[in-house]
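Biologist: I am new to this structure and would like to understand how its descriptive words are justified. Could we look at it together and go through them one at a time?

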Amino acid sequence: MTNDGRLPFSFELFPPRSDAAAVSLRETIGHLAATGPDFISVTYGANGSSRQSSLEVLRYIREQTNVHPLAHLTCVGSSHLEANRLVREFLDAGITSFLALRGDPPQGSVEGDQFLGDLGSASELVQLIHLVQTERAQYATLPSRSSNGVGHIPSTRVKVRVAVAAFPNGHPRSVRSNQDIDTLLAKQASGATMAITQLFFHAEDYLRFVAAARAAGVTIPILPGLMPATSATRLERILEVTGERRPTELTRRLASADSAEEQLDIGVEHAVGLAEEILAGGAPGLHLYTFNQHRAVLSVLEGVGLIPAASPTHKESA
Ligand code: FAD
């Protein structure tokens, strides 16, 4: 729950790939920020490819809106020193919330064949983020001398929030059915404060996973990641990338829609139904994958009743 008693919601963005996309992303951020999300997260390109552009978007959110920015970070392919520097750079930019990820090795690489980094899992990155922040905070709180010569040490230091990924339907690399629960337990033991799930299209997949995680001892909030499938093409692409279970009825409805507008409405309607089911089942909030477009995700939040209906601003452009 947020301070005003509302269920929290949040959004994911990716860094822009062109100047034109950067301009339109700022507009999107304005629309999203106006709804009062708990945070806006920004993805991080595999192997650090978007380091600067991700940081720029995070800085923009931090400086130009009232919303808390959350930085995705990956560690695959990094030495311990490089990962340490990366975390420090983001902390120095004022970022205090992270989504710690291992990231995917470059396509075609085989474990053992090439250097995949000093950190073997997201759990190690969670620990590293806490460690770097602790070191920084200690330096920042060295005893200072006041005018009467008495030293003082501030009693608290800024804590970081470190989220991790969770996979209700199993990570593609998982070899055992309960491996994803064990991995989540390890991430929690390493200091993760929240999990965000891979997207899914069936409420029972999320609810079953949360129940199993709770039975195994996972206590951190498990925030469901939802993506409104606003076109047949997008749905196919997402199913291909994630290997998620196909929503057959949604696939059929998208395929028989007459226009892009109708497809968008169908995708939103499906996401609203899914959100209502998981919220009724106890989900602690909603995390929406935006694809850098505000219209569909804001329509989902309106449909669920988390924001007031039909603010004219977000209806104007996608
Ligand atoms: P981990 O949890 O460390 O491990 C992945 C696999 O290894 C799992 O199969 C797990 O079960 C297994 N494993 C882990 N630890 C152990 C262990 N100790 N023993 C045995 N097996 C183990 N990728 C990006 O490049 N950039 C992003 O911004 C990004 N954002 C994402 C956001 C979300 C919400 C999600 C769900 C995924 C995101 N990804 C992103 C994709 C992610 O990087 C990949 O799915 C990656 O393959 C796994 O990362 P992880 O942090 O879950 O890894």
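Modeller: Let us begin with burial, keeping in mind that this is a predicted model. Phe-11 has a relative accessibility of 0%, and since buried means under 20%, Phe-11 counts as buried.

Biologist: What makes Phe-9 count as buried?

Modeller: The relative accessibility of Phe-9 is 1%, which is set against the limit of under 20%, and therefore Phe-9 counts as buried.

Biologist: Why is the aromatic pair of Phe-9 and Phe-11 called edge-to-face?

Modeller: A pair of aromatic rings is described by the distance of the centres and the angle of the planes. By the rule that centres must lie within 6.5 Å, the count comes to three aromatic pairs. One of them joins Phe-9 and Phe-11, with 5.8 Å centre to centre and 65° between the planes; because an angle over 60 degrees counts as edge-to-face, this pair receives that name.

Biologist: Why, then, is the pair of Phe-200 and Tyr-206 stacked?

Modeller: Here the ring centres are 5.5 Å apart and the planes stand at 10°; planes under 30 degrees apart count as stacked, so the pair of Phe-200 and Tyr-206 is stacked. Both partners are also buried, Phe-200 with a relative accessible area of 1% and Tyr-206 with a relative accessible area of 2%.

Biologist: How do you know that Arg-234 lies over the face of Phe-291?

Modeller: Arg-234 is placed at 4.0 Å from the ring centre of Phe-291, and the distance part of the rule asks for CZ of Arg within 6 Å, so the distance fits the description that Arg-234 lies over the face of that ring.

Biologist: Turning to the ligand, what makes the approach of Ser-174 to an oxygen atom of the ligand a polar contact?

Modeller: A polar side-chain atom of Ser-174 lies 3.3 Å from an oxygen atom of the ligand, and because the limit for a pair of N or O atoms is 3.5 Å, this is a polar contact. By the same limit, a backbone N or O atom of Arg-102 qualifies at 2.8 Å from an oxygen atom of the ligand, and one of Ala-122 at 2.7 Å. The protein covers 79% of the 970 Å² of accessible area that the ligand has on its own.

Biologist: Which element gives the most to the shell around the ligand?

Modeller: That is H5, with three residues, whereas the shell as a whole divides into nine nonpolar, eleven polar and four charged residues.

Key
Residues are numbered from 1 along each chain as its sequence is written. This is a predicted model: local features need pLDDT of at least 70, side-chain atom pairs count only at pLDDT 80 or more; totals for chains, interfaces and linings use all residues. Side-chain values use heavy atoms; hydrogens and water are left out. Rings of Phe, Tyr and Trp (its six-membered ring) pair if their centres lie within 6.5 Å; planes under 30 degrees apart count as stacked, over 60 as edge-to-face and the rest as tilted. Buried means under 20% relative accessible area, exposed over 50%, partly exposed in between (1.4 Å probe, protein chains only). A charge sits over a ring if NZ of Lys or CZ of Arg is within 6 Å of the ring centre and within 35 degrees of the ring normal. A polar contact is a pair of N or O atoms within 3.5 Å; within protein, one must be able to donate a hydrogen and the other to accept it, and residues adjacent in sequence count only if both atoms are side-chain atoms. Accessible areas come from the Shrake-Rupley method with a 1.4 Å probe; for residues, only the protein chains shown count as cover. Helices (H or I, at least four residues) and strands (E, at least two) are DSSP runs, numbered from the N terminus. Ala, Val, Leu, Ile, Met, Phe, Trp, Tyr, Cys and Pro count as nonpolar, Asp, Glu, Lys and Arg as charged, and the others, Gly among them, as polar.
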